[in-house]
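Please look through the structure shown below and keep it in view while reading this report, which takes up a few of its features in turn.

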Amino acid sequence: MVMGWVYCLSWRLAVEANNVCGWRTVPTTQCLGYVEGYMRGGQYKFDVELVINEITSFAKGIVVSDDGLDAWILDVDDTCISNLFYYKTKRYGCDPYDPEGFKTWAMKGECPAIPPVLRLFQELITNGFKVFLLTERDKDTLGLTTLHNLYNQGFLGYHRLIMRY
């Protein structure tokens, strides 16, 4: 089992560095336990918190001008709001991506905020940045649900939500 985790650490690094091209699923035999442990065992939360703390520190060093041109862009899915409950049903990426299944999940409008990102978002708004939210979600199908989901999770005051047409 240890060798599987070592393989998965190397595989993850290669994917994150964009050195594994065209992968469609997480290698099930070697990595399902690793990915599930990473997502549910606390390391994912620690990693997100560390990165958001670094971003927050960087943002605090920016003097926002009065011209209204200082902006920040945040992705929606798995940045602002989490689809972890959906991906759990897909064995954390070991099953192929299912666009219709994802759409069904997203239509529920139950994606919880990722707390450190919400905190960053609120600080950016408070400090005068125009915040744009960006998503690959389809505006016609998921527009209203996404707006409500973001609102219900506390994402208020952003400049614009940009969606696919």
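## The disulfide

A disulfide is a pair of cysteine sulfur atoms within 2.5 Å. In this predicted model, the count by that rule comes to one disulfide, and the pair concerned is Cys8 and Cys31, whose sulfur atoms are 2.1 Å apart. Cys8 lies in helix α1 (residues 2-16) and Cys31 in helix α2 (residues 28-40), so the disulfide ties together parts that are 23 residues apart in sequence.

The torsion about the S-S bond of Cys8 and Cys31 is about -110 degrees, so this disulfide is left-handed. Both Cys8 and Cys31 are buried.

## Two cysteines outside the disulfide

What is the distance from the sulfur of Cys80 to the closest cysteine sulfur? That closest sulfur belongs to Cys111 and is 11 Å away, which is too far for a bond. Cys111, for its part, is in no disulfide, and the nearest cysteine sulfur to it is that of Cys80.

Are these cysteines buried or exposed? Cys80 has a relative accessible area of 0% and therefore counts as buried, and Cys111 is also buried, with a relative accessible area of 0%.

## Asn149 and its surroundings

Asn149 is found in helix α7, and because its relative accessibility is 1%, Asn149 counts as buried. The side chain of Asn149 reaches the backbone oxygen of Cys111 at a distance of 2.8 Å. When neighbours within four places in sequence are left aside, the residues in contact with Asn149 are Ile81, Gly109, Glu110 and Cys111.

## Packing of α5 and α7

Helix α7 (residues 139-152) also packs with helix α5 (residues 99-107), at an angle of about 35 degrees and with the two axes 9 Å apart. Lys103, Ala106 and Met107 on the α5 side meet Thr141, Leu142 and Thr145 on the α7 side. Sorted by class, this contact of α5 with α7 has three nonpolar residues, two polar residues and one charged residue.

## Strands β1 and β2

In a regular strand the side chains alternate between the two faces of the sheet. Strand β1 (residues 71-75) shows such an alternation, since Trp72 and Leu74 point to one face and are buried, while Ala71, Ile73 and Asp75 point to the other face and are not buried.

Strand β1 is joined by five bridges to strand β2 (residues 130-138), and the two strands run parallel. Within β2, Val131 is the bridge partner of Trp72, the residue already met among the buried side chains of β1.

How values were computed. Residues are numbered from 1 along each chain as its sequence is written. This is a predicted model: local features need pLDDT of at least 70, side-chain atom pairs count only at pLDDT 80 or more; totals for chains, interfaces and linings use all residues. Side-chain values use heavy atoms; hydrogens and water are left out. Axes are lines fitted to C-alpha atoms, for helices over the stretch in contact, and angles run from 0 to 180 degrees between N-to-C directions. Helices (H or I, at least four residues) and strands (E, at least two) are DSSP runs, numbered from the N terminus. Contact means heavy atoms within 4.5 Å. Ala, Val, Leu, Ile, Met, Phe, Trp, Tyr, Cys and Pro count as nonpolar, Asp, Glu, Lys and Arg as charged, and the others, Gly among them, as polar. Buried means under 20% relative accessible area, exposed over 50%, partly exposed in between (1.4 Å probe, protein chains only). Two strands pair if DSSP finds at least two bridges between them. A polar contact is a pair of N or O atoms within 3.5 Å; within protein, one must be able to donate a hydrogen and the other to accept it, and residues adjacent in sequence count only if both atoms are side-chain atoms.
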